[in-house]
Amino acid sequence: MRDILLLLPDFLLIVVGFLVCRYTTLNRPIWESMEKLVYHLLFPVLLFTSIVRNPLNPADAASLALGGVATVVLGMALAYALKRWPGVDPMLHASGAQTAFRFNSYVALAMAERLGGAAGVAQMAVLVAVCVPLCNAGAVLPLARHGGHHLGRELMRNPLILSTLGGLVANLLGLQFPDAVGTTLQRIGSAALPLGLMAVGAGLQLGGLAIAPRLGAALLAIRHALLPAFALGYGLWMRMPPLELTVLVAFAAMPTASSAYVLAVRMGGHGPFVAGLVTVSTLLGMVTLPAWIALRLAVG
């Protein structure tokens with residue numbers, strides 16, 4: 001029950017964003033500016049500070065990092081393969097494919113702290129540092145192709161990729177910020193989750209998923225069923241230590257990244273479809289995430 005409640009505030013923030021945008025004077029033009037703020041400043045600072053704060057030892061986490069990369073690559077391969085389905089709209093696929101393999105890094109770090117304290121957070125930080133650039137590159141690829149953007153240019157200026165790589169380098173170099181600077185960065189990053197989720201709600205159209213229900217169901221099945229099952233099997237096969245295995249399964253079972261909606265909108269994708277996927281993924285995660293963790297603990 002406590003794990004379910006961890007995701008409940010995220011879903012409620014999406015509802016709040018929807019209600020505020022629809023029924024107050026804080027309408028779409030305001031939220032369009034908010035989306036830019038979240039995407040270009042708040043989320044990058046959140047990722048940077050999350051990685052810098054948690055010590056990384058790549059040599060000790062090789063199998064964990066490999067498991068995370070393998071999980072993401074599998075999700076990307078399955079999501080991209082859906083483009084070959086008969087009747088799949090290229091725009092909807094390019095916009096929504098990212099939701100099958102991206103993950104909510106804020107919830108991931110919070111869940112890791114519950115599962116293993118500081119050690120759990122440090123292990124999840126390894127997965128965040130390794131997989132966020134990969135996930136964002138995989139998200140940009142179909143959108144860039146469909147929208148006629150230059151892939152290399154989009155990757156080089158993607159703020160989420162740049163901030164994650166910067167955080168990884170700063171962590172490995174042992175960079176320490178003065179207290180005032182560190183606190184300021186932490187407070188900026190802490191605004192990313194509530195405003196980002198409210199922006200998702202503000203862009204939500206209740207019929208978003210109805211545009212392509214079969215595609216949406218397939219993407220959500222990859223995110224919430226196939227990837228956690230793969231991660232659990234991988235960890236058992238590799239005989240990972242108990243906490244590492246738990247963290248990997250939790251990582252694979254995360255709801256999709258709320259910034260997926262912001263990225264889709266910024267690159268000319270179909271925002272309502274992605275907003276619907278993010279909302280349903282967050283709701284599903286309230287049930288499937290604790291269920292996968294319980295299954296992992298049950299198998300030993």
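## A salt bridge in H2

Arg 28 and Glu 35 join their side chains in a salt bridge, with 2.9 Å from N to O. This is a predicted model, and the count of salt bridges in it comes to one. The two partners sit in rather unlike surroundings: Arg 28 is partly exposed, at a relative accessible area of 25%, whereas Glu 35 counts as buried, at 1%. Glu 35 gets that label because buried means under 20% relative accessible area.

## H2 against H9

Both salt-bridge residues also turn up where H2 meets H9. Helix H2 covers residues 28–53, and its axis lies 9 Å from that of H9, at an angle of about 145°. The crossing of H2 past H9 is left-handed.

On the H2 side, the contact uses Arg 28, Trp 31, Met 34, Glu 35, Val 38, Leu 42, Phe 43 and Leu 46. Facing them from H9 are Ala 192, Leu 195, Gly 196, Met 198, Ala 199 and Ala 202. Sorted by class, that gives eleven nonpolar residues, one polar and two charged.

## How covered is H9?

How many of the eleven residues of H9 are buried? Nine are, so this helix (residues 192–202) is mostly covered. The buried set consists of Ala 192, Leu 193, Gly 196, Leu 197, Met 198, Ala 199, Val 200, Gly 201 and Ala 202.

Some of these names come back with Ile 14, which belongs to helix H1 (residues 2–23). Ile 14 counts as buried, with 1% relative accessibility. Setting aside neighbours within four places in sequence, Ile 14 touches Leu 197, Val 200 and Gly 201, plus Thr 279 and Thr 282. The pairing with Thr 279 spans a long stretch of chain: 265 residues separate Ile 14 and Thr 279 in sequence, yet their C-alpha atoms are 7.2 Å apart.

## Two nonpolar cores

The largest nonpolar core takes in 81 residues. Which residues have the most contacts inside it? They are Phe 103, Met 124, Leu 215, Leu 248, Phe 251 and Met 254. Helix H5 (residues 105–147) supplies the largest share of this core, at 18 residues. There is also a second, separate core of six residues, with Cys 21, Trp 31, Met 198 and Ala 199 among them.

Back in the largest core, Phe 251 is worth a look. Not counting residues up to four places away in sequence, Phe 251 touches Gly 68, Val 72, Phe 103, Met 124, Leu 127, Cys 131 and Arg 223.

## H3 against H10

Now for another helix pair. Helix H3 (residues 62–81) and helix H10 (residues 213–238) have axes that come within 10 Å and cross at roughly 145°. Here the crossing is right-handed.

H3 brings Ser 63, Leu 66, Gly 67, Ala 70, Thr 71, Leu 74, Gly 75, Leu 78 and Ala 79 to the contact. H10 answers with Leu 219, Ile 222, Leu 226, Leu 227, Phe 230, Ala 231, Tyr 234 and Met 238. The tally is 13 nonpolar residues, four polar and no charged.

## Just past H10

Arg 239 falls in the loop between H10 and helix H11 (242–252). What is the sign of its phi? Positive, at about 55°, although Arg 239 is not a glycine. As a rule, most residues other than glycine have a negative phi. Is Arg 239 buried or exposed? Arg 239 counts as exposed, because its relative accessibility is 76% and the cut-off is over 50%.

Technical notes
Residues numbered from 1 in each chain as written. Predicted model: local features only at pLDDT ≥ 70, side-chain atom pairs only at ≥ 80, totals over all residues. Heavy atoms only, no water. Buried < 20%, exposed > 50% of the residue type's maximum accessible area, 1.4 Å probe, protein only. Helix = DSSP H or I, 4+ residues; strand = E, 2+ residues; numbered from the N terminus. Core = buried A, V, L, I, M, F, W, Y, C linked by side-chain atoms within 4.5 Å. Contact = heavy atoms within 4.5 Å. Axes fitted to C-alpha atoms, helices over the stretch in contact; angles between N-to-C directions. Left-handed = near helix turned anticlockwise from the far one by under 90°. Nonpolar A, V, L, I, M, F, W, Y, C, P; charged D, E, K, R; others polar. Salt bridge = Lys/Arg side-chain N within 4 Å of Asp/Glu carboxyl O.
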